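Hi,

Here's the structure I said I'd pass along. Have a look, and my notes on what turned up are underneath.

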Amino acid sequence: MTTWHPSPGETSLARTPGRFATGSDRAVSGMRWFRDTRRDDIQKDLAGWPEGPAFTVLSRSERRARAVGAFGARLAALVVLAAVEVLAAAGSVGSSPTGAGRSRDRENEVDDFPVMWADPGTLARTLPWQLDPSRCPENYRTHIVVTDRRLLVVGFPDDDTTRDEVLWQTDRDNIANVERRTFSKVGLEAVIIFTDGSWCRLAPPETDRHWEVLRHLSYASEHVPYEELTSGQQETVTAFSVVRPSGRAVVTRRPSGNFTIEVAYGPLPDPRGGSDPRVKVMGPDGEHVNFEPGDL
């Protein structure tokens with residue numbers, strides 16, 4: 001095995017850790033489900049999947065009990081620490097995760113939390129079980145890779161990215177839409193809707209409010225080769241790349257008309273951070289510009 005690389009003529013746009021999302025609302029906190037379009041649990045029907053836990057959505061009384069318990073624990077800690085500001089925040093026992101606002105999809109974020117929505121024969125149903133935190137071994141990691149052609153899931157053991165194996169892949173033409181979801185403890189999650197109507201919900205394992213995978217999936221990222229850049233842009237890219245000379249600069253045109261330069265940390269992806277790019281936004285002549293919605 002070796003580290004995954006794109007095919008000749010293909011450009012890798014992003015590689016970051018990723019897995020199936022986990023519920024944030026108190027009713028589904030720490031849980032996830034795999035459903036068909038009748039909302040039946042299908043995890044036992046997924047070919048090759050090892051046994052996983054069975055979750056149950058908390059009832060309203062259980063939610064209230066959990067809220068009271070959590071509030072009491074926080075209050076006790078606040079008394080010990082004498083943290084007045086935190087005490088004020090602890091007065092809220094609402095359902096939303098910190099800083100995430102309210103759910104805009106109660107059916108799939110509060111009443112239930114499916115991370116796979118797939119009838120037999122659909123694409124989402126082929127996703128690998130290693131994406132499930134409840135099934136994936138502790139010494140194994142999964143990364144999500146986006147190129148200008150494909151979406152892939154690669155996995156590797158023992159933090160050794162030189163032992164990559166491709167677990168799943170599909171052409172980008174099979175993706176109908178990608179929705180950003182912010183009702184999440186990790187900042188951003190992605191609902192990837194395939195052309196056959198099936199979908200999945202993926203997330204980074206840790207807080208990441210500029211998840212590179214989602215940036216390149218939410219909008220069609222137009223890769224711009226170096227030789228097609230203006231002279232001013234080429235100068236900016238060259239100067240920016242010097243900071244990480246072992247990395248390779250990738251330039252994409254964003255929906256705003258701005259351009260992003262992304263330079264990976266090095267030739268090998270980091271097990272915890274993936275390609276971990278350094279990012280700069282520039283204008284049509286290579287000048288510095290402030291990023292606009294959709295740029296990052």
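On one side of helix H5, Ser231, Glu235 and Ala239 are exposed. This is a predicted model, by the way. The other side of H5, which spans residues 231–241, is where Gly232, Gln233, Thr236, Val237, Phe240 and Ser241 are buried. Those buried residues cover an arc of only 160° around the axis, so they sit on the same side of H5. The general pattern is familiar: an α-helix has 3.6 residues a turn, so residues three or four places apart point the same way.

What do the buried residues of H5 pack against? Three strands come up: S12 (249–253), S13 (259–263) and S14 (278–282).

Next, Arg172, which you may want to look at on screen. Arg172 is in the loop that links strand S7 (165–171) with strand S8 (175–181). Arg172 is buried but makes no salt bridge, and Asp148, the nearest side chain of opposite charge, is 7.0 Å away. What the Arg172 side chain does reach is the backbone oxygen of Thr147, at 3.0 Å. Setting aside neighbours within four places in sequence, the contacts of Arg172 include Val146, Thr147, Asp148, Arg149, Arg150 and Leu151. Also among them are Leu13, His216, Leu217 and Tyr219.

Last, the cysteines. Cys136 counts as buried because its relative accessibility is 16%, and Cys200 counts as buried because its value is 1%. How many disulfides are there? The count comes to zero.

Cheers

Methods:
Residues numbered from 1 in each chain as written. Predicted model: local features only at pLDDT ≥ 70, side-chain atom pairs only at ≥ 80, totals over all residues. Heavy atoms only, no water. Disulfide = S-S within 2.5 Å. Buried < 20%, exposed > 50% of the residue type's maximum accessible area, 1.4 Å probe, protein only. Helix = DSSP H or I, 4+ residues; strand = E, 2+ residues; numbered from the N terminus. Arc of directions from axis to C-beta. Contact = heavy atoms within 4.5 Å. Lys, Arg positive; Asp, Glu negative; His and termini not counted. Salt bridge = Lys/Arg side-chain N within 4 Å of Asp/Glu carboxyl O. Polar contact = N/O pair within 3.5 Å; in protein donor to acceptor, adjacent residues only side chain to side chain.
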